[in-house]
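User: Can you walk me through this model? I'd like the overall picture, then some details.

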Amino acid sequence: MTYCQRTLEHAIKRNPCDPEFIQSIKEVLGSLEPVMDANPRYEELGILERFIEPERQIIFRVSWTDDSGKVHVNRGFRIQFNSTIGPYKGGLRFHPSVYIGIMKFLAFEQVLKNSLTGLPIGGGKGGSDFDPKGKSDAEVMRFCQSFMTELSRHIGGDLDVPAGDIGVGAREIGFLYGQYKRIKNVSEGVLTGKGITYGGSLVRKEATGYGLVYFLEEMLKSKNLDIKGKKVVISGSGNVAIHAAQKIQQSGGTVIAMSDSSGYIYNPDGINIEMVKAGKEIERKSIKECPFPSKGTEFNGSCREIWQLKCDIALPCATENELDEQAAQTLVKNGCIAVAEGANMPCTPGAIKVFLKNKVLYGPGKAANAGGVATSAIEMQQNSMRMFWSFDEVEAKLKEIMINIYKKSSNAAKEYGFEGNLMAGANIAGFLKVADAMIAQGIV
Ligand code: NDP
């Protein structure tokens, strides 16, 4: 058995109830075999065992009262996975499906993603099984205040800097930041995704979606293709999906479908993205309730069926394991040429195999959606320097970072015998930087 295989067995034994975490470890270790062969020092120094074990896992009670005075109890999490190259950095997710296994997988992915950005940020992730859907603003505020009352003991501008993720947008970040400042009595860049009037950065809101499209452009360029005239299907209609859709449109593509957990909307001539944005972001409606002024827009009540639509490009931007092997086969059969992941781990291992086997360009989330965290790091830089950069300045930095992530992933794939496989390349390039820094810092 190889070092990678033994490490996987070890991980399965130690994390028997965390299938998503094991899925992400398995994918990464599958790419690292040639790296371990080329450098036996990693095994001598127990790098893989240390790399897959979080530095710290925090679980806490979050009690809050609803508008009628009833007491509710949720569970809060923060996984501080790896701080070798900088302060822990990664979002907070509020969704009923949140449990420790999802938190660990997201934090583990974040370590590699943050390394790929080239910026000095370690990896972490957190959240709660709280569901903001259907709650009043006052209930969300009370929940956020209770959550931050405990979390504030564990984070700080140079220690751990959370941001948003599913269910945590501008409203939640505002409530969380206000409570942190009240408890700690300092104004520091402890959260990113803040409002522009109190330390936020321009482009942060758009960054994951825009960055995804910049990465996609690089993938297409490698085959002398571009976005112009392409039909694009995007799952989700949250922060990542909406801004990816806007950028696709600006680049000359047509977004023919978008979804949420209630189903998907489809219009072969292009859906009205601004209308979806207004309905989802401002009015907090489900996609089926968004008004569709553009003629010919249809609604289908099964969000998973979105992948049956014929398209040139698919951008899964909703959640993990939303695109399975069967959906991948349908996309291939329908002539899809590229898939880039806006969400974290949205394609199952079976789906990824289908894409690689059929030479569909495949951009893994840890590389393709790294624009959000990269721009968060740019927000941290502005906070530390008490500076504020223009939209164009930040967007130019974001674009450069995404192009570099593509190059690093593509070059590492080539160097280690996986030419054309950006998933393996991203895993290797992300790992090498952290592993070498871990060696330099001794056995800790
Ligand atoms: P949001 O909460 O803004 O949006 C999530 C969207 O996905 C909503 O439209 C939601 O629908 C939809 N959704 C959730 N589950 C499903 C499902 N099973 N099928 C179809 N749609 C579904 O989250 P984000 O846009 O911020 O995050 C989306 C993904 O991107 C996540 O995987 C996240 O980890 C990842 N990501 C986010 C980053 C960021 O900067 N925000 C950075 C990097 C990655 P509904 O409204 O009905 O719940």
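User: How many helices and strands does the protein chain have?
Analyst: This is a predicted model. Its secondary structure comes to 16 helices and 12 strands.

User: How does the radius of gyration compare with the globule rule?
Analyst: The radius of gyration is 21 Å, and the globule rule gives 22 Å for 444 residues. Those values are close, so the chain is as compact as a globular protein of that length.

User: And what box do the C-alpha atoms fill?
Analyst: Roughly 65 × 55 × 45 Å, along the principal axes.

User: What share of the residues counts as buried?
Analyst: 57% of the 444 residues.

User: What about contacts between residues 24 or more positions apart?
Analyst: They account for 73% of the contacts with a separation of 6 or more.

User: OK, strands. How do strand 1 and strand 2 pair?
Analyst: In the antiparallel sense, over 10 bridges. Strand 1 covers residues 56-65 and strand 2 covers residues 71-82. One bridge joins I59 to F77 in strand 2.

User: What lies between the two strands?
Analyst: Five residues, and the strands form a hairpin. In the turn, G69 has a positive phi of about 95°.

User: S68 is in that loop too. Buried or exposed?
Analyst: S68 counts as exposed, because its relative accessibility is 65% and the cut-off is over 50%. In space, S68 is 9.9 Å from E139, C-alpha to C-alpha. In sequence, S68 and E139 are 71 residues apart.

User: Back to strand 1. What does Q57 touch?
Analyst: Q57 sits in strand 1. Leaving out residues up to four places away in sequence, Q57 touches R78, I79, I100 and K104. Q57 counts as partly exposed, at 37% relative accessibility.

User: How far is Q57 from E281?
Analyst: 32 Å, C-alpha to C-alpha. The sequence separation of Q57 and E281 is 224 residues.

User: Switching to aromatics. How many pairs are there?
Analyst: A search of the whole structure finds 17 aromatic pairs. One of them is W64 with F143, an edge-to-face pair. The centres are 6.2 Å apart, with 90° between the planes.

User: Which parts of the chain does that pair link?
Analyst: Distant ones: W64 is in strand 1 and F143 is in helix 6, residues 137-151. W64 and F143 are 79 residues apart.

User: Are those rings buried or exposed?
Analyst: W64 is buried, with a relative accessible area of 5%. F143 is buried at 0%.

User: How do the rings of F130 and F143 sit?
Analyst: Their centres are 3.9 Å apart and their planes are at 5°, so the pair is stacked. F130 lies in the loop between strand 4 (123-128) and helix 6. F130 and F143 are 13 residues apart in sequence. F130 is buried, as is F143.

User: Which residues form an aromatic cluster?
Analyst: F21, Y42, F51, F81, F108 and F431 form one.

User: Where do the lysines sit over rings?
Analyst: The charged end of K194 sits over the ring of Y177, 6.0 Å from its centre. K397 lies over the face of W389, 4.4 Å from the ring centre.

User: Now helix 15. What does it reach from end to end?
Analyst: Helix 15 spans residues 391-415, 25 residues in all. From its first C-alpha to its last, helix 15 reaches 36 Å, close to the 36 Å expected at 1.5 Å a residue.

User: Which residues of helix 15 are buried, and what do they pack against?
Analyst: The buried residues are V394, E395, L398, I401, M402, I405, Y406, S409, A412 and A413. They pack against several helices, including helix 5 (100-116), helix 8 (204-221) and helix 16 (422-440).

User: What follows helix 15?
Analyst: G417, whose phi is positive, near 85°.

User: Last one. Where is N334, and what does N334 touch?
Analyst: N334 is in the loop between helix 11 (325-333) and strand 11 (338-340). Not counting residues up to four places away in sequence, N334 touches Q308, L309, K310 and C311.

User: Why does N334 count as buried?
Analyst: Because its relative accessible area is 18%, and buried means under 20%.

Key
Residues numbered from 1 in each chain as written. Predicted model: local features only at pLDDT ≥ 70, side-chain atom pairs only at ≥ 80, totals over all residues. Heavy atoms only, no water. Pairing = 2+ DSSP bridges. Helix = DSSP H or I, 4+ residues; strand = E, 2+ residues; numbered from the N terminus. Phe/Tyr/Trp six-rings, centres within 6.5 Å; stacked < 30°, edge-to-face > 60°. Buried < 20%, exposed > 50% of the residue type's maximum accessible area, 1.4 Å probe, protein only. Lys NZ or Arg CZ within 6 Å of the ring centre and 35° of its normal. Expected span 1.5 Å × (residues − 1). Contact = heavy atoms within 4.5 Å. Rg over C-alpha atoms; globule rule 2.2 N^0.38 Å.
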